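Biologist: I should like to go through this structure step by step, with the reasoning set out for a first-year student. May we begin once it is displayed?

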Amino acid sequence: MGKEMRVTGFYIVKKIKRLLLLQLGLCIHQSCDIHPVFEERVCPNPIIAELHQVNRLFFSPYQQMRFSTENDTVSLNEFRYNIELDFRPLKHFNSNFSKEDFLLAGCNPRFDVQNISNIRIFNNNSFLGLPPSTDISYLFELPDGTRLSKFRDFSRLENFISLSLMSPLTKTEQLNSKLIFYFKDGSEWVFDSKSPVLIH
């Protein structure tokens with residue numbers, strides 16, 4: 001009788017172990033495959049950096065295997081004023097992240113830029129009825145809806161800034177512009193460019 005009870009007890013313990021292992025397996029499976037919170041990508045914190053250089057100014061749309069130039073005619077709703085930036089990480093902040101960390105996480109690198117104080121666009125020619133040398137930053141909008149004239153948060157910049165021109169056209173226009181980066185040390189970087197011909 002005692003031997004029979006010991007054998008029965010052994011099988012009960014074995015079954016309990018199997019059930020526990022099965023439940024653990026189900027929990028792991030559910031957490032990986034059912035709950036999306038575990039699959040959300042988490043991007044690293046922005047890299048503390050300074051603006052090193054402006055690589056280029058260029059205009060969208062991208063047509064015939066190239067970006068638009070001053071010799072093209074494009075519609076206003078397709079037009080974008082694009083700026084490509086190059087940042088230099090500030091090593092003395094001892095950032096734990098690099099561009100590669102962002103790419104591994106499937107994110108665009110972001111930078112907390114320490115040396116910029118302002119970005120402005122002025123017209124060199126008469127544009128939209130405005131006289132030359134007018135600050136037209138309020139006419140340009142970032143993808144998140146912020147007007148360039150109100151843009152002051154440089155803590156999450158990416159390598160590209162793409163601006164939409166938010167003004168109706170009453171006639172064909174072409175913008176000859178001056179882009180100015182203002183820095184906290186009082187210096188400025190100035191870039192002249194000429195847009196494609198803009199039509200409604």
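Biologist: Is K178 buried, partly exposed or exposed?

Modeller: The model is a predicted one. The class depends on relative accessible area, where buried means under 20% and exposed means over 50%. K178 has a relative accessibility of 24%, so K178 counts as partly exposed.

Biologist: With which residue does D192 form a salt bridge?

Modeller: D192 lies in strand β10 (residues 188-199), and its partner lies in strand β9 (residues 173-183), 14 residues apart. The closest N and O atoms of the pair are 3.1 Å apart. A salt bridge requires these atoms to be within 4 Å. The partner of D192 is K178.

Biologist: How confident is the predictor, and over which residues does pLDDT stay under 50?

Modeller: For the chain, the mean pLDDT is 83, and 74% of the residues reach 70 or more. One stretch stays under 50, and the model has four contacts for it beyond four places in sequence. That stretch is residues 24-40.

Biologist: Which parts of the chain does the salt bridge between R88 and E50 tie together?

Modeller: The closest N and O atoms of R88 and E50 are 2.9 Å apart. R88 itself is partly exposed, with a relative accessible area of 40%. The two residues are 38 apart in sequence, so the pair ties together strand β4, which holds R88, and strand β1 (residues 47-63), which holds E50.

Biologist: In the salt bridge between K171 and E173, which residue is buried?

Modeller: The closest N and O atoms of this pair are 3.5 Å apart. K171 has a relative accessibility of 52%, so K171 counts as exposed. Its partner has a relative accessible area of 5%, and the buried residue is therefore E173.

Biologist: How many salt bridges are there in total?

Modeller: Side chains of opposite charge can pair when their charged atoms come close. The pairs discussed include R88 with E50, K171 with E173 and D192 with K178. By the distance rule, the count comes to eight.

Biologist: How many bridges join β1 to β4?

Modeller: The two strands run antiparallel. One position that illustrates the pairing is R56, whose bridge partner in β4 is E84. The number of bridges joining β1 to β4 is 10.

Biologist: In which sense, parallel or antiparallel, do β1 and β5 run?

Modeller: Three bridges join β1 to β5. In this pairing, I47 stands opposite F111 in β5. The sense of the pairing is parallel.

Biologist: Which residue in the turn between β1 and β2 has a positive phi?

Modeller: β1 and strand β2 (residues 66-68) run antiparallel and are joined by three bridges, and F59 stands opposite S68 in β2. The two strands form a hairpin with two residues between them. The residue in the turn with a positive phi, of about 50 degrees, is Q64.

Biologist: Which strands lie at the edges of the four-stranded open sheet?

Modeller: The order of this sheet is β3-β10-β9-β6, and its pairing is mixed. From one strand to the next, the twist averages 40 degrees. Within the sheet, β6 and β9 pair in the antiparallel sense over seven bridges, with I116 opposite F183. An edge strand pairs on one side only, and the edge strands are β3 and β6.

Biologist: Which element gives the most residues to the largest nonpolar core?

Modeller: In soluble globular proteins, nonpolar side chains tend to be buried together. The largest nonpolar core has 38 residues, and those with the most contacts inside it include L51, Y81 and F140. The elements that give two or more residues to this core are β1, β4, β5, β6, β8 and β9. With five residues, the element that gives the most is β1.

Biologist: Is F79 buried or exposed?

Modeller: F79 is placed in the loop between β3 (73-75) and β4 (80-89). Beyond four places in sequence, F79 touches residues including F59, P61, V74, L163 and P196. The C-alpha atoms of F79 and S60 are separated by 5.3 Å, although the two residues are 19 apart along the chain. The relative accessible area of F79 is 1%, so F79 is buried.

Methods
Residues are numbered from 1 along each chain as its sequence is written. This is a predicted model: local features need pLDDT of at least 70, side-chain atom pairs count only at pLDDT 80 or more; totals for chains, interfaces and linings use all residues. Side-chain values use heavy atoms; hydrogens and water are left out. pLDDT is the predictor's confidence in each residue, from 0 to 100. Contact means heavy atoms within 4.5 Å. Buried means under 20% relative accessible area, exposed over 50%, partly exposed in between (1.4 Å probe, protein chains only). A salt bridge is a side-chain nitrogen of Lys or Arg within 4 Å of a carboxyl oxygen of Asp or Glu. A nonpolar core is a set of buried Ala, Val, Leu, Ile, Met, Phe, Trp, Tyr and Cys residues joined through side-chain atoms within 4.5 Å. Two strands pair if DSSP finds at least two bridges between them. Axes are lines fitted to C-alpha atoms, for helices over the stretch in contact, and angles run from 0 to 180 degrees between N-to-C directions.
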